[in-house]
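The following exercises introduce a protein structure through worked solutions. Please study the sequence and the model before attempting each task.

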Amino acid sequence: MKRALLMGAMLVGSQAFAGEYLVKYNNTSALNMMNSMSLVSASALNVMDHNQNASLVKVDIMKKQEAQVLATLLSQPGIEYVVPNAKMKAFTHSVDTAALREQWAMGKVNAEKAWQRAGNKGNKGIIVAVIDTGVDYTHEALSPNMVAGYNFKDKNNDPMDKTSYQNPGHGTHCAGVIGATGLVDGGIVGIAPNISIMPLRFLGENGSGDLNDAIKAIDYAVEKGAQVISASWGATIPRNQAEPLVEAIKRADDKGVIFVSAAANDGKNNDTTEVYPANNGFPNSITVAASGPSDAKPSWSNYGTATVHVASPGEDIMSTLPKNKYGNLSGTSMATPLVSGIVALMKSQDPSLTGAQIRAILQTTGAKVSIQTACNCRVDAFNAVDAVLAKKMVVVPAAATLAANETVNLAVLNGKAPFKFTSSNSGVASVNDSGVITAASNGTTAITVTDADGKTASTLDINVGKKASQNPGNPDPGNPGNPGDGSCPIGDQSMCDIICQIKPDLPFCKQ
């Protein structure tokens with residue numbers, strides 16, 4: 001029996017590069033102050049990098065003076081927050097599988113039918129950025145679809161995927177799921193074999209990298225014209241510690257770039273476990289759980305009604321590996337690029353589609369399965385492409401979880417105004433003539449819309465209950481050094497206790 005690897009890249013919140021922090025500033029005085037501190041002879045603070053686009057400075061702080069320097073930074077009015085430059089690494093878990101070059105996932109999501117319906121297998125003008133360990137861009141099944149990328153790990157133009165015991169070729173595998181050509185005898189085919197792939201490396205051959213480089217990769221993808229970002233990595237950390245990452249995703253969202261991310265491989269409920277970027281909550285984001293050949297959830301896949309949007313095949317997935325090799329890997333890391341590829345295929349048919357619209361189409365056209373997500377569904381490429389080409393009427397968003405008294409605005413794709421909205425359970429949530437849902441009491445309802453031509457479409461479940469811990473509408477972390485909830489902003493309470501002895505007037509010291 002061959003062995004496959006359960007793969008994903010995971011930001012481990014308890015680990016960070018020793019003494020390294022990311023400092024968010026909001027004016028030039030604060031930036032000049034850090035530069036001045038760095039210029040002092042034998043300085044306790046060293047400026048290592050400046051991400052001007054994100055207003056972030058990466059600093060290295062001498063361990064002996066760490067508390068004093070942090071206290072100084074956090075007390076400056078031009079400093080919004082300071083977070084550890086967290087360490088990223090790939091994780092693996094062995095599972096049994098027969099290593100055959102069979103692509104059960106392509107059949108499960110009806111890839112061939114989707115291509116036939118579309119009359120194409122994608123469009124070269126659609127670029128998917130694979131932010132990962134890099135990609136073997138010379139691979140026989142990938143090279144025709146490669147565009148220029150970048151290596152943020154080594155700071156050069158060579159995003160080659162370098163393998164080791166910790167990394168069998170994670171990024172190359174993800175790239176193949178998206179866009180392997182299917183033109184090599186004995187090879188494999190991606191779900192969108194005629195789109196373009198931008199390889200962006202920020203994880204090294206040992207499976208580790210830093211948060212700062214991940215943020216740069218996201219901004220680079222947006223700047224260089226990627227329409228889709230595929231992110232098979234994440235962090236089980238509070239939102240305040242993930243703030244620089246959340247802000248980078250917000251910048252992508254503002255530019256209309258669709259961000260597809262893995263739910264994680266811990267077997268946990270993301271509604272009660274904060275995982276980033278998965279739980280970012282922005283409209284253009286799609287978070288993915290894994291499904292198996294029988295449409296069951298593998299025990300290791302994360303899930304969540306409020307925070308995980310769809311399921312996708314992620315168990316025993318055959319794809320490309322470096323040096324013209326192929327192999328099976330498992331994980332939400334594999335489920336994510338399959339969704340990224342379907343998104344690219346849909347964008348190839350209609351480039352105007354937004355992430356929110358595509359998410360709604362994937363949810364309302366997916367196959368019903370017993371995997372806890374917003375739609376309780378597994379993606380179906382044919383149904384999704386057919387809905388795009390047939391211009392089926394779809395309510396956006398198609399599913400939601402709301403807190404009591406919260407509102408959400410519905411939009412209608414491919415419908416003719418004026419619209420009439422009705423709630424199946426107005427005691428749970430009401431809806432007005434403008435499509436504004438107002439949550440009333442715990443429970444579940446669905447909203448049906450009728451357009452001017454008499455066509456109807458309905459949402460899936462609109463759940464009213466406890467809202468997941470996130471705040472996408474207000475990314476501001478609060479006062480300097482204060483994440484907004486009074487907790488330690490750097491994730492180390494013992495260090496914060498020392499800082500509060502030095503600067504007791506800091507907001508998080510007043511609890």
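**Exercise 1: The disulfides**

The torsion about the S-S bond of cysteine 488 and cysteine 496 is about 75 degrees, so this disulfide is right-handed. The model is a predicted one, and this bond serves as the starting example.

Task: Determine how many disulfides the chain holds, and describe the handedness and burial of each.

Solution.

Step 1. Count the bonds. A pair of cysteine sulfur atoms qualifies as a disulfide when the two lie within 2.5 Å. By this rule the count comes to 3 disulfides.

Step 2. Take cysteine 375 and cysteine 377. Their sulfur atoms are joined at a distance of 2.0 Å. The S-S torsion of cysteine 375 and cysteine 377 is about -70 degrees, so the bond is left-handed. Cysteine 375 has a relative accessibility of 3% and therefore counts as buried. Cysteine 377 is buried as well, with a relative accessible area of 0%.

Step 3. Return to cysteine 488 and cysteine 496. The sulfur atoms of this pair are 2.0 Å apart, and both cysteines are buried.

Step 4. Examine cysteine 500 and cysteine 509. Here the sulfur atoms are 1.9 Å apart. With a torsion of about -90 degrees about the S-S bond, the disulfide of cysteine 500 and cysteine 509 is left-handed. For burial the cut-off matters: buried means under 20% relative accessible area. Cysteine 500, at 19%, is buried, whereas cysteine 509, at 21%, counts as partly exposed.

Step 5. State the pattern. Counting the bonded cysteines along the chain, the disulfides follow 1-2, 3-4, 5-6.

**Exercise 2: Helix α2 and its partner α11**

Task: Establish how far helix α2 is covered, and describe how α2 packs with helix α11.

Solution.

Step 1. Assess burial. Helix α2 spans residues 66-74 and is mostly covered, since 7 of its 9 residues are buried. The buried residues of α2 are Glu66, Ala67, Val69, Leu70, Ala71, Leu73 and Leu74.

Step 2. Describe the geometry. Two packed helices are described by the angle between their axes and the distance between the axes. The axes of α2 and helix α11 (residues 493-502) come within 9 Å and cross at roughly 65 degrees. The two helices α2 and α11 are therefore roughly perpendicular to each other. Their crossing is right-handed.

Step 3. List the contacts. On the α2 side, Glu66, Ala67, Gln68, Leu70, Ala71 and Leu74 take part, and they meet Met495, Ile498, Ile499 and Ile502 of α11. By class, the residues of this contact divide into 8 nonpolar, 1 polar and 1 charged.

**Exercise 3: Helices α4 and α10**

Task: Describe the relative direction of α4 and α10, and list the residues through which they meet.

Solution.

Step 1. Helix α4 covers residues 111-118 and helix α10 covers residues 381-389; their axes come within 7 Å and cross at roughly 20 degrees. That makes α4 roughly parallel to α10.

Step 2. The crossing of α4 and α10 is left-handed.

Step 3. From α4, the residues Lys113, Ala114, Arg117 and Ala118 meet Ala381, Phe382, Val385, Asp386 and Leu389 from α10. This contact of α4 with α10 has 6 nonpolar, no polar and 3 charged residues.

**Exercise 4: Backbone exceptions**

Most residues other than glycine have a negative phi, and most peptide bonds are trans.

Task: Locate the cis peptide bonds that precede proline 277 and proline 418, and place the positive phi values of serine 55 and lysine 323.

Solution.

Step 1. The bond from tyrosine 276 to proline 277 is cis, with omega near 15 degrees. Proline 277 belongs to the loop between β11 (258-262) and β12 (285-291).

Step 2. The bond from alanine 417 to proline 418 is also cis, and its omega is near 0 degrees. Proline 418 sits in the loop between β21 (411-413) and β22 (420-423).

Step 3. Serine 55, although not a glycine, has a positive phi of about 55 degrees. Serine 55 lies in the loop between β2 (45-51) and β3 (56-61).

Step 4. Lysine 323, likewise not a glycine, has a positive phi of about 65 degrees. The loop that holds lysine 323 runs between β14 (317-321) and β15 (325-330). With 67% relative accessibility, lysine 323 counts as exposed.

Definitions and conventions:
Residues are numbered from 1 along each chain as its sequence is written. This is a predicted model: local features need pLDDT of at least 70, side-chain atom pairs count only at pLDDT 80 or more; totals for chains, interfaces and linings use all residues. Side-chain values use heavy atoms; hydrogens and water are left out. Axes are lines fitted to C-alpha atoms, for helices over the stretch in contact, and angles run from 0 to 180 degrees between N-to-C directions. Helices (H or I, at least four residues) and strands (E, at least two) are DSSP runs, numbered from the N terminus. Angles under 35 degrees count as roughly parallel, over 145 as roughly antiparallel, 65 to 115 as roughly perpendicular and the rest as oblique. A crossing is left-handed if the near helix is turned anticlockwise from the far one by less than a right angle, and right-handed if clockwise. Contact means heavy atoms within 4.5 Å. Ala, Val, Leu, Ile, Met, Phe, Trp, Tyr, Cys and Pro count as nonpolar, Asp, Glu, Lys and Arg as charged, and the others, Gly among them, as polar. Buried means under 20% relative accessible area, exposed over 50%, partly exposed in between (1.4 Å probe, protein chains only).
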